[in-house]
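This report is written for a reader who is meeting this structure for the first time. Please look over the sequence and the model before reading on.

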Amino acid sequence: MTTEIRASHILVKTEQEAMDLYNEIKNGKDFAQAAKENSLCPSGQNGGDLGYFGKGMMVKPFEDAAFELNEIGEISQPVETQFGWHLIQLTGKE
């Protein structure tokens, strides 16, 4: 069973921004580059990398979406938290 995952994310203000970025990434834009250009989170400067984390370390909607991803490189649909809208990319599992 996966106890920790590694993920990157992009944080934006609106669902529309998140959907537009989601579509750009699905059409070939690099996730890390999109994070550097668009993310409101300081992690954006590192391509959105959040490192490894376990359950209970992130806000619930974010955690649920991140742990539902199965394949390395898979990207979530936009997820809303109190911070804004996130796109999450799974980058590792332990």
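Among contacts in the protein chain between residues at least 6 apart in sequence, what percentage join residues at least 24 apart? In this model, which is predicted, the share is 58%.

**Overall build**

The secondary structure of the protein chain consists of 3 helices together with 4 strands, and, read from the N terminus, these elements follow one another in the order β-α-α-β-α-β-β. The radius of gyration is 12 Å, which is close to the 12 Å given by the globule rule for 94 residues, so the protein chain is as compact as a globular protein of that length. Taken along the principal axes, the box filled by the C-alpha atoms comes to roughly 35 × 25 × 20 Å.

Of the 94 residues in the protein chain, 44% are buried, while the area that the chain exposes is about 5200 Å², with carbon and sulfur atoms supplying 46% of it. The protein chain carries 8 positive and 15 negative charges, and the mean positions of these two groups lie 3 Å apart.

**Strand β1 and its partners**

Strand β1, which spans residues 4–12, is mostly covered, since 7 of its 9 residues are buried. Two pairings of this strand are set out below.

| Pair | Partner strand | Sense | Bridges | Position opposite R6 |
|---|---|---|---|---|
| β1 and β2 | residues 49–54 | antiparallel | 4 bridges | Y52 |
| β1 and β4 | residues 84–93 | antiparallel | 8 bridges | G92 |

Residue R6 links the two rows of the table, for its bridge partner in β2 is Y52, and in β4 the residue standing opposite R6 is G92. As general background, the side chains in a regular strand alternate between the two faces of the sheet.

**From G92 to the loop at N70**

Residue G92 also serves as a reference point for a part of the chain outside these strands. Where is N70 placed? N70 belongs to the loop that runs between helix α3, residues 60–68, and strand β3, residues 79–81. Counted along the sequence, N70 and G92 are 22 residues apart, and in space their C-alpha atoms are separated by 9.8 Å.

Which residues is N70 in contact with, once its neighbours within four places in sequence are left aside? They are L90 and K93, and strand β4, with which β1 pairs over 8 bridges, covers residues 84–93.

How values were computed. Residues are numbered from 1 along each chain as its sequence is written. This is a predicted model: local features need pLDDT of at least 70, side-chain atom pairs count only at pLDDT 80 or more; totals for chains, interfaces and linings use all residues. Side-chain values use heavy atoms; hydrogens and water are left out. The radius of gyration is taken over C-alpha atoms; the globule rule is 2.2 Å times the number of residues to the power 0.38. Buried means under 20% relative accessible area, exposed over 50%, partly exposed in between (1.4 Å probe, protein chains only). Contact means heavy atoms within 4.5 Å. Accessible areas come from the Shrake-Rupley method with a 1.4 Å probe; for residues, only the protein chains shown count as cover. Lys and Arg count as positive and Asp and Glu as negative; His and the chain ends are not counted. The place of a charge is taken as NZ of Lys, CZ of Arg, CG of Asp or CD of Glu. Two strands pair if DSSP finds at least two bridges between them.
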